[in-house]
Amino acid sequence: MPRYIGRFAPTPSGPLHLGSLYTAVASYLDARANNGLWLLRIEDIDPPREQPGASDAIIACLSQHGLLWDGDILYQSRRSKAYDQAIALLQAAGHCFYCDCSRKQLAHCQGEYSGHCRHRQLTDNGKRALRLRTDTPINCDFDDRLQGHQQLPPAPAGCCHDFVIRRRDGLYAYQLAVVVDDIAQGVTDVVRGSDILDSTFRQAWLYHYLGQPRPAWLHLPVLTGSNGQKLSKQNLAEAVDDNHPADNLRTVLRLLRQPAPPADCRQPGSILAWAAQCWQPQRLPRRLSVPLDDRCS
């Protein structure tokens, strides 16, 4: 059985907020409880969304909270060659096609694809997206460690599940980059938020076409504020206060419904070490969202 390898992969669109820290802690504890490695990857492949200095702020915040990673940090912005190689393999096998559909043309498919460009045999003119064909019959179902069995819902009538792996602006899509990097880093277990649950089906196609085994997935409920919205940088969630790491960790452990560390655990490192020994993933809330003021234990 391969050694457990987990990872935390934030996007540097701003400093860490409590929802990000909550995911990082769960991922870290799951790795350490399984005597595994915990890797850090900065997903900086979307410059328009990135905030100057955010990568350094994220790294500093993790360190301040005792969330120390194994090995070197992997930056996606330095991985273009690997993504191009994966795209070349997919194209050579006939799994891709170019697409010039506008958002307006796609509006009626509820987030899926109309299939309009599938058979048009468009060439790359530098302004077209590259899509992955999903007509190969594969089993995209998976058993999430927390959320249970997940089944791909059928596409709306007249639509299909084809998805973009390289955008029309030339930037690599999240779906491609995350799979290529998880394969390269040997990731066996992914702990992340339930807001990415639907993406897992698309990633299953990529694992299949690239001939690699899928990792095990555990999708945590996302934290929501008093307005019911997910804590996110887009929703202007407040940055984590690095001056109170022990308090922050205790808050996160409560939200994860884990046992409370003893009062004499005052340093982040000792809190995390104790929490890893007492990690009980079966206690995690099996929901898609959890309010920040949740008091269940």
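Where is the place of Glu112? Glu112 sits in the loop between helix 4 (103-106) and strand 5 (129-132); helices (H or I, at least four residues) and strands (E, at least two) are DSSP runs, numbered from the N terminus. The model is predicted, so local features need pLDDT of at least 70 and side-chain atom pairs count only at pLDDT 80 or more, while totals for chains, interfaces and linings use all residues. Residues are numbered from 1 along each chain as its sequence is written, and side-chain values use heavy atoms, with hydrogens and water left out.

The side chains of Glu112 and His161 share a polar contact of 3.3 Å (a pair of N or O atoms within 3.5 Å; within protein, one must be able to donate a hydrogen and the other to accept it, and residues adjacent in sequence count only if both atoms are side-chain atoms). Leaving aside residues up to four places away in sequence, Glu112 also touches Cys159, Cys160 and Arg202, among others (contact means heavy atoms within 4.5 Å).

As for cysteines, the disulfide count is zero, a disulfide being a pair of cysteine sulfur atoms within 2.5 Å. Cys140 stays unpaired because its sulfur is 13 Å from the closest cysteine sulfur, in Cys160, too far for a bond. Cys265 is in no disulfide either, with the sulfur of Cys278, the nearest, 8.9 Å away. Cys140 is buried at 3% relative accessibility, and Cys265 is buried at 11% (buried means under 20% relative accessible area, exposed over 50%, partly exposed in between; 1.4 Å probe, protein chains only).
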